[in-house]
Amino acid sequence: MAAATNFDIYSEHAQLRRPLAWSFGLHVAFAAFCVLYAISLQGFRKNSWGSGGTGDAMGATLVSTIPLPANPEQTTNVLATESKGLSKSEPAVQEKEPEAIPIPDKNTKTKLKPAPVKSATQRKPEPEPAESNQIPYGEGGPVSGPYTMTAGGAKGGFGFTGSGGDFGSQFAWYVQAVQRKVTENWLKYEVDPRISDAKRVYLTFDIARDGHPSNVEVEQSSGVPSLDQSAVRALQRIDTFGSLPSTYSGSKVSVEFWFDYKR
Amino acid sequence: MLKLSNSYRTIGRYTFLTFAALLLFAAASSAQDWIRTGTGLGVERVRLAAADFKPSTSDAKNAELLKTFNDVLWNDLENAGIFDLVSKSFYPLQEPGQPSDVNFSAWNSPPPNTSMLAFGNLGAASGKVTVQGWLYDVKNQASPQVLGKQYADNATGDAVRVIAHRFADEIIFRLGGGVQGIAETKIYFISERTGHKEVWMMDYDGANQQQLTRAGSISLSPRISPDGSRLAFSSINKGGWEIMMYSFDLNRMVAFPRFGGMNLSPSWSPDGKLAFSSSRNGYPNIWVIDGSGGNSRRLTSDKGPDVSPTWNRKTGSQIAFVSGRTGLPQIYTMESDGTNLQRITDQGYAVSPNWSPNGQFLTFSWERKYGPGEPGSNDIYLMDVASKQWVQLTHDAGRNDFPCWSPDGRHIVFQSHRSGSDQIWSMLADGTNVKQLTFASSNTQPNWSWK
């Protein structure tokens with residue numbers, strides 16, 4: 001029995017010799033091919049080592065395409081809400097360097113400092129102007145999200161005069177609708193981008209019974225032609241404010257509308 | 001494979017450089033990309049409370065009808081995009097059903113702190129329903145009433161739904177500066193739920209979906225006429241792709257001339273002409289015909305392909321379209337006689353333009369960085385036609401295509417693949433308040449009615 005087993009094992013070795021040889025040969029051939037291929041490739045693109053480049057992986061650039069809201073400014077108060085207050089953060093305490101005592105030098109001549117001349121027109125040191133827009137910590141405005149589409153600084157005011165009585169107090173909702181509609185149609189990018197602040201521009205116009213604005217005129221110019229023009233265009237863009245309230249007896253209302261521009 | 005990726009790398013390097021240069025240029029020319037769309041959003045919304053309507057009779061149907069009415073009214077007001085709706089949890093316990101019940105101080109001070117209040121009552125009696133609705137300016141006690149309406153109809157859920165839509169539209173019309181509401185508008189689209197691509201229609205909020213055509217082939221790009229009486233679309237038949245016409249007066253297909261070649265993507269002008277893409281002379285070009293199909297003339301004469309024309313909906317004097325004349329499809333504008341051709345997108349893959357009702361904006365689907373390995377997909381963009389400033393409305397939400405404006409210019413309906421299949425979604429024109437309208441099968445190419 002034992003002899004038979006030995007014989008079987010021996011015969012298996014004999015059967016495996018050829019395949020093992022093939023396997024070894026092919027492995028060597030494949031390794032050689034890999035080495036040769038790598039060398040040949042290196043020859044083709046000599047300057048690709050260490051040259052940087054943009055890389056194939058796009059994962060790294062994906063983050064910049066997501067419109068993440070900017071980090072809110074840090075406030076020093078840990079109890080502050082998410083909304084950023086307008087107060088300045090406390091200045092960092094600066095450590096003073098110990099004053100170096102100069103070693104007296106024998107050779108240098110001491111220069112006489114000229115006495116400070118007191119002129120009659122010298123100004124007194126002005127007190128720092130108090131910041132009027134300071135808001136205490138944690139009491140800032142609402143949290144600003146990534147979709148703020150309000151026209152910052154776009155404000156408008158108005159006075160209504162109609163023949164049918166006290167229009168403004170009777171139909172406050174209509175007045176508000178007019179204000180909203182004009183503000184919506186005022187495109188601030190039409191104003192010269194170099195202007196950061198301008199005087200108020202006053203427009204006058206009439207609203208007919210059907211809600212159509214007419215007789216748009218600049219009553220008082222801001223001095224900035226592009227701002228005046230943008231205000232007039234805002235009115236020209238509007239087809240109708242909606243017909244006047246049916247309980248209103250007059251045939252039209254006149255509106256004075258002012259625009260405050262601040263970039 | 002290694003060599004291929006190497007060439008991609010060099011391409012990537014060039015596109016990166018060009019893109020960086022473009023960015024620099026853009027930063028130098030205009031400091032901000034986010035323009036104000038000026039479509040009634042964001043500027044001091046009206047604070048509005050909509051109290052649940054009260055039953056005015058003791059009919060058994062009241063509860064069901066009231067639920068439909070209150071839900072539809074609330075949704076319409078919320079979808080309008082011009083209100084800051086006060087949450088119902090802030091309302092006082094005593095909600096009014098009659099003008100005499102209104103407790104002004106309970107509404108115009110916190111917690112509700114509303115400036116407008118909609119309220120009323122509904123009562124069914126012997127198969128009929130009567131609805132009374134009011135809109136009060138509760139901060140103006142001297143003359144509070146802005147609106148008072150009474151409606152009567154059969155006591156069915158559908159009728160009550162229409163009444164709620166009408167009342168909501170009245171409120172939106174008064175407080176929205178004279179812009180008609182869209183609660184009664186329709187959306188036409190292509191649906192595959194019968195196994196074929198057929199034209200379907202639904203209410204603007206996704207309710208009442210119904211099939212219009214039964215051609216059994218493939219129908220595409222439905223476009224409702226400005227007066228709402230006819231629907232043009234392109235469909236494949238024995239002769240190829242042809243423009244087809246459906247009449248809502250007759251509720252059936254009507255005959256329309258066949259032109260030969262491939263005729264695609266019809267578009268109505270405000271005065272009832274049709275622009276479409278036709279290859280009857282060899283290359284796909286933009287053609288214009290009368291609403292009856294006669295008097296055809298060609299507007300573009302290059303090799304194209306030129307497709308997807310859309311008219312300036314306010315003036316009818318300009319046409320925007322997609323052309324592949326420089327390779328990838330880009331959006332061009334021209335006058336309605338074919339002159340003054342201008343390319344308005346500078347890169348990527350831009351398709352499906354649609355002109356806003358006020359003529360000021362174009363919305364379209366754009367893949368700004370097109371190519372293998374580039375991030376992003378087709379997203380909906382909005383461009384101010386005069387200044388060429390644009391803003392991206394959808395972000396990181398699958399493939400979005402076929403945007404179409406609502407008649408009030410405050411909403412955009414579009415097709416999106418964000419849920420895993422192509423469905424129809426709507427949003428406000430600033431990209432917020434995104435809502436899914438269809439859920440079954442695959443629904444594409446929405447088109448909003450003109451009024």
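## Two chains, two inventories

Helices and strands here are runs assigned by DSSP, with helices at least four residues long and strands at least two, numbered from the N terminus. On that basis, chain A has five helices and four strands. Bear in mind as you look around that this is a predicted model. Starting at the N terminus, chain A's elements come in the order α-α-β-α-α-β-β-α-β. Chain B, on the other hand, has four helices and 30 strands.

How much of each chain is buried? For chain A, 16% of its 263 residues count as buried. For chain B, the figure is 48% of 451 residues.

You can also ask how far apart in sequence the touching residues are. Take the contacts in chain A between residues at least 6 apart: 75% of them link residues at least 24 apart. In chain B, 45% of such contacts link residues at least 24 apart.

## Helix α4 of chain B

Now find helix α4(B), which covers residues 157–175. With 19 residues at 1.5 Å each, it should span 27 Å, and its end C-alpha atoms are indeed 27 Å apart, so the two values agree. After the helix comes Gly177(B), which has a positive phi, near 75 degrees.

Plenty of this helix is buried, including Val160(B), Ile163(B), Phe167(B) and Ile171(B). A handy rule helps when you look at a list like that: an α-helix has 3.6 residues a turn, so residues three or four places apart point the same way. The charged-looking names are worth spotting too, since Arg161(B), Asp169(B) and Arg174(B) are also among the buried residues.

What do the buried residues of α4(B) pack against? Within chain B, their neighbours are β1 (46–50), α2 (62–79), β4 (116–125), β5 (128–137) and β6 (145–154). They also pack against α4 (172–185) of chain A.

## Where two helices cross

One of those neighbours, α2(B), deserves a closer look. The axes of α2(B) and α4(B) come within 8 Å and cross at roughly 35 degrees. The crossing is right-handed.

On the α2(B) side, the residues that meet α4(B) include Leu65(B), Phe69(B), Val72(B) and Leu73(B). Across from them, α4(B) contributes residues such as Val160(B), Ala164(B), Phe167(B) and Ile171(B). Sorted by type, the residues of this contact are 11 nonpolar, three polar and two charged.

## An enclosed strand and its partners

Next, move along chain B to strand β24 (residues 379–384). Five of its six residues are buried, so the strand is largely enclosed by the rest of the structure. Strand β23(B), residues 361–367, runs antiparallel to β24(B) and is joined to it by six bridges. Strand β25(B), residues 390–392, also pairs with β24(B) in the antiparallel sense, over three bridges.

Met383(B) is a nice residue to click on. It stands opposite Leu362(B), and its bridge partner in β25(B) is Trp390(B). β24(B) and β25(B) make a hairpin with five residues between them, and in the turn Lys388(B) has a positive phi of about 60 degrees.

## A four-stranded open sheet

Last stop: an open sheet in chain B, with its four strands in the order β9-β8-β7-β30 and antiparallel pairing. Its edge strands, each pairing on one side only, are β9 (210–211) and β30 (443–448).

Strand β7(B), residues 186–191, runs antiparallel to β30(B), and four bridges join the two. Which residue in β30(B) is the bridge partner of Ile187(B)? That would be Trp448(B).

Conventions:
Residues numbered from 1 in each chain as written. Chains lettered and ligands numbered in written order. Predicted model: local features only at pLDDT ≥ 70, side-chain atom pairs only at ≥ 80, totals over all residues. Pairing = 2+ DSSP bridges. Buried ≥ 20, exposed ≤ 12 C-beta atoms within 10 Å, placed from the backbone. Contact = placed C-beta atoms within 7 Å. Expected span 1.5 Å × (residues − 1). Axes fitted to C-alpha atoms, helices over the stretch in contact; angles between N-to-C directions. Left-handed = near helix turned anticlockwise from the far one by under 90°. Nonpolar A, V, L, I, M, F, W, Y, C, P; charged D, E, K, R; others polar.
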